[in-house]
Amino acid sequence: QPVTVLAEARFHALCLDKNTGKLLHDIAVLTEREPQWVHRFNSYASPSPVIENGRVYCHFGSSGTACVDSQSGEILWTNQDPKLVAHHENGPGSSPVLVGGLLVFHLDGSDKQSIAALDKATGKIAWMTARSGEMAENPQLKKAYGTPLVLEIDGKPQIVSPAANWLYAYDPKNGKELWKLAYGELGFSNVARPVTSEDGSMLYHCSGFMNSRMLAIKLGHGSDAEIAWTYKKSVPTSPSPILVGKELYFVGDSGGLLTCLDAESGDLIWSERIASGRYWSAPTYADGKLYFQSEEGVTTVLKPGREFKVLAENTVDGKQFASLAVDDNALFLRTDTALYRIEP
């Protein structure tokens with residue numbers, strides 16, 4: 001049964017001047033009475049916002065979703081529909097994506113599991129589809145925190161959606177399930193977002209907790225998706241993999257073991273240690289360099305390629321859970337104590 005840990009939670013959207021760091025807006029977008037608890041390594045605001053055409057879409061999982069005018073700070077709509085509530089157990093983690101006129105997100109809780117879409121103009125539910133794949137009886141093994149991808153398959157957009165035990169695909173227009181692929185072994189609490197090859201024919205996915213494996217999934221026609229190869233050593237459950245050229249990179253959850261695989265064959269190219277510690281955030285590729293951030297505040301910069309080469313290692317105060325943001329030559333790092341702008 002849910003346990004009440006707070007009488008109330010308030011959710012804000014902050015806007016800062018990217019050149020000076022000055023706070024321009026502090027907008028209280030939602031309030032929730034007796035919210036769900038969150039894990040000590042999580043927060044109520046882990047899902048990344050989405051920005052487009054003067055709008056910011058802020059999603060807080062089961063606590064609700066809001067749309068804000070990015071210039072004026074006006075709240076354009078909010079949605080706290082009870083139908084969009086699932087018990088996250090550890091707080092929200094899935095980020096939303098835009099496809100057409102819809103804002104799409106996952107609600108994979110321990111009690112119920114679904115994918116939903118809101119009309120981005122009004123915030124009203126456009127469709128909601130329950131997960132159809134068989135899962136373990138234990139509710140704790142049904143939850144997931146993955147983020148959907150929008151891919152073009154067979155010449156049409158599909159929402160490719162990781163969840164506990166299964167990878168699904170849906171029609172963006174109506175939420176109809178198009179196909180699903182079983183992982184073959186137990187996998188749940190998925191956090192890492194899959195990545196795809198440049199031609200869209202392959203998808204690389206971390207299977208999740210218990211025994212995380214890197215799965216290379218060939219995206220065929222219709223329901224012909226299949227697992228092409230599997231890699232098992234030091235595969236993360238939280239940090240996403242990253243693909244640069246024909247090399248796939250990922251860092252384990254703890255210890256700093258960084259792995260580079262041949263993306264076509266799954267063969268190991270190299271596996272080396274970078275800064276020790278815990279890793280949560282997704283790596284970043286920018287300006288020809290790879291960036292990996294540890295919780296302890298260390299960012300390791302590497303040259304991508306088949307030879308392991310560290311270019312720099314830098315440390316900031318505070319703990320890093322969020323991924324980097326890139327704007328021209330500037331990097332924005334967020335810790336639990338500050339937001340940094342870093343540039344040459």
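The paragraphs below follow the aromatic rings of this predicted model and the charged side chains that lie over some of them.

The structure holds 13 aromatic pairs. One of them joins Phe41 and Trp280, whose ring centres lie 5.0 Å apart with 40° between the planes, an arrangement that counts as tilted. This pair links distant parts of the chain, since Phe41 belongs to the loop between strand S2 (23-33) and strand S3 (50-52), whereas Trp280 belongs to the loop between strand S22 (268-273) and strand S23 (284-286), and the two residues are 239 residues apart. With a relative accessibility of 27%, Phe41 counts as partly exposed, while Trp280, at a relative accessible area of 19%, is buried, because the limit for buried is under 20%.

Phe41 also pairs with Phe321: their ring centres are 6.4 Å apart and their planes stand at 40°, so this pair is tilted. Because Phe41 lies in the loop between S2 and S3 and Phe321 in the loop between strand S26 (310-315) and strand S27 (325-327), the pair ties together parts of the chain that are 280 residues apart in sequence. Phe321 is partly exposed, its relative accessible area being 29%.

Trp280, the partner of Phe41 in the pair described before, has a charged residue over its ring as well: Arg278 lies over the face of Trp280, at 4.0 Å from the ring centre. Elsewhere, Lys180 is placed over the face of Trp166, at 5.5 Å from the centre of that ring. Finally, ring pairs connect Phe11, Tyr44 and Phe60, and these three residues form a cluster.

Terms used
Residues are numbered from 1 along each chain as its sequence is written. This is a predicted model: local features need pLDDT of at least 70, side-chain atom pairs count only at pLDDT 80 or more; totals for chains, interfaces and linings use all residues. Side-chain values use heavy atoms; hydrogens and water are left out. Rings of Phe, Tyr and Trp (its six-membered ring) pair if their centres lie within 6.5 Å; planes under 30 degrees apart count as stacked, over 60 as edge-to-face and the rest as tilted. Helices (H or I, at least four residues) and strands (E, at least two) are DSSP runs, numbered from the N terminus. Buried means under 20% relative accessible area, exposed over 50%, partly exposed in between (1.4 Å probe, protein chains only). A charge sits over a ring if NZ of Lys or CZ of Arg is within 6 Å of the ring centre and within 35 degrees of the ring normal.
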